[in-house]
Amino acid sequence: MVANAPQNMQSCIEQKLSAAFEPSHLEVLNESYQHNVPEGSESHFKVILVSAKFENKRMVGRHRDIYAILADELAGSIHALALHTYTPAEWEALADTTLNSPACRGGGKTVS
């Protein structure tokens with residue numbers, strides 16, 4: 001095993017995004033439990049990332065940058081990645097806002 005190797009997908013995402021964007025705020029939330037996947041899955045994530053590196057970049061450019069950093073993970077087991085990307089000023093303006101992910105609409109999950 002490699003020293004400092006990520007323990008799971010969530011920590012891998014956190015490490016890669018931290019190294020690439022030097023965020024002032026970063027949350028990586030595993031939302032797989034909300035979907036029709038086996039228990040313990042790491043396939044659906046929400047990322048809230050605040051970085052000065054997003055200054056003067058449109059949302060599409062920010063997302064492209066993240067997709068490039070996480071290309072291997074997205075080609076593998078990640079099925080969904082909800083991205084909330086902000087500059088520090090944009091984040092400050094959202095201080096009292098909740099960032100909810102959309103409800104799962106597929107997979108035939110049944111509730112008993």
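**Reasoning through a predicted fold**

Tutor: In this predicted model, helix 2, residues 59-69, lies across strand 2 and strand 3 and runs at about 125° to strand 3.

Student: Which elements does the protein contain, and what pattern do they follow along the sequence?

Tutor: The protein has four helices and three strands. Read along the sequence, they give the pattern α-β-β-α-α-β-α.

Student: What makes the pairing of the sheet "mixed"?

Tutor: Two strands count as paired when at least two bridges are found between them. Strand 2 and strand 3 are joined by seven bridges and run parallel. His44, for instance, stands opposite Ala80 in strand 3. Strand 1 and strand 2 are joined by six bridges and run antiparallel. Both pairs therefore meet the requirement of at least two bridges. The result is an open sheet of three strands, in the order 1-2-3, with mixed pairing.

Student: Why are strand 1 and strand 3 said to stand at the edges?

Tutor: Strand 1 (25-30) and strand 3 each have a single partner strand, so one side of each is left without a neighbour in the sheet. From one strand to the next, the twist averages 10°.

Student: Where does helix 1 pack, and what angle does its direction make with that of strand 1?

Tutor: Helix 1 packs on the sheet, where it touches strand 1 and strand 2; its direction makes about 160° with that of strand 1. Within the antiparallel pair, the bridge partner of Leu26 is Leu49 in strand 2.

Student: Strand 3 stands at an edge. How do you know whether it is largely enclosed or open?

Tutor: A residue is buried when its relative accessible area is under 20%. Five of the seven residues of strand 3 are buried, so this strand is largely enclosed by the rest of the structure. For the protein, buried residues make up 30% of the 112 residues.

Student: What makes a group of residues a nonpolar core, and which residues have the most contacts inside the largest one?

Tutor: The members must be buried residues of the nonpolar kinds, joined through side-chain atoms within 4.5 Å. The largest such core has 14 residues, and those with the most contacts inside it are Ile13, Leu17, Phe45, Val47, Ile66 and Leu81. Helix 1 (9-21), strand 2 (44-50) and strand 3 (80-86) each supply at least two of its residues. Helix 1 gives the most, with four. In soluble globular proteins, nonpolar side chains tend to be buried together.

Student: Which residues does Val47 touch beyond four places away in sequence?

Tutor: Val47 touches Ile13, Leu17, Leu26, Glu27, Val28, Leu81, Ala82, Leu83 and His84. For the protein, residues 24 or more positions apart account for 61% of the contacts with a separation of 6 or more.

Student: How many aromatic pairs does a search of the whole structure find, and why is the pair of Phe21 and Phe54 called tilted?

Tutor: The search finds two aromatic pairs. The rings of Phe21 and Phe54 are 5.3 Å centre to centre, with 40° between the planes. Phe21 belongs to helix 1 and Phe54 to the loop between strand 2 and helix 2, 33 residues apart, and the pair links distant parts of the chain. Rings pair when their centres lie within 6.5 Å, and planes neither under 30 degrees nor over 60 degrees apart count as tilted; the values for Phe21 and Phe54 therefore satisfy both conditions.

Student: Are these two residues buried or exposed?

Tutor: Phe21 has 6% relative accessibility and Phe54 has 0%. Both values are under 20%, so both residues count as buried.

Student: What makes the pair of Tyr86 and Trp91 tilted, and how is each residue classed by accessibility?

Tutor: Their ring centres are 5.7 Å apart and their planes stand at 45°, so this pair is tilted. Tyr86, at 12%, is buried. Trp91, at 26%, lies between the limits of 20% and 50% and therefore counts as partly exposed.

Student: What is noted about the phi of Glu22 and of Asn56, and why is each residue classed as it is by accessibility?

Tutor: Neither is a glycine, yet phi is positive in each: about 45° for Glu22 and about 65° for Asn56. Glu22 lies in the loop between helix 1 and strand 1, and Asn56 in the loop between strand 2 and helix 2. Their relative accessibilities are 59% for Glu22 and 81% for Asn56. Each value is over 50%, so each residue counts as exposed.

Note on methods
Residues are numbered from 1 along each chain as its sequence is written. This is a predicted model: local features need pLDDT of at least 70, side-chain atom pairs count only at pLDDT 80 or more; totals for chains, interfaces and linings use all residues. Side-chain values use heavy atoms; hydrogens and water are left out. Buried means under 20% relative accessible area, exposed over 50%, partly exposed in between (1.4 Å probe, protein chains only). Contact means heavy atoms within 4.5 Å. Axes are lines fitted to C-alpha atoms, for helices over the stretch in contact, and angles run from 0 to 180 degrees between N-to-C directions. Rings of Phe, Tyr and Trp (its six-membered ring) pair if their centres lie within 6.5 Å; planes under 30 degrees apart count as stacked, over 60 as edge-to-face and the rest as tilted.
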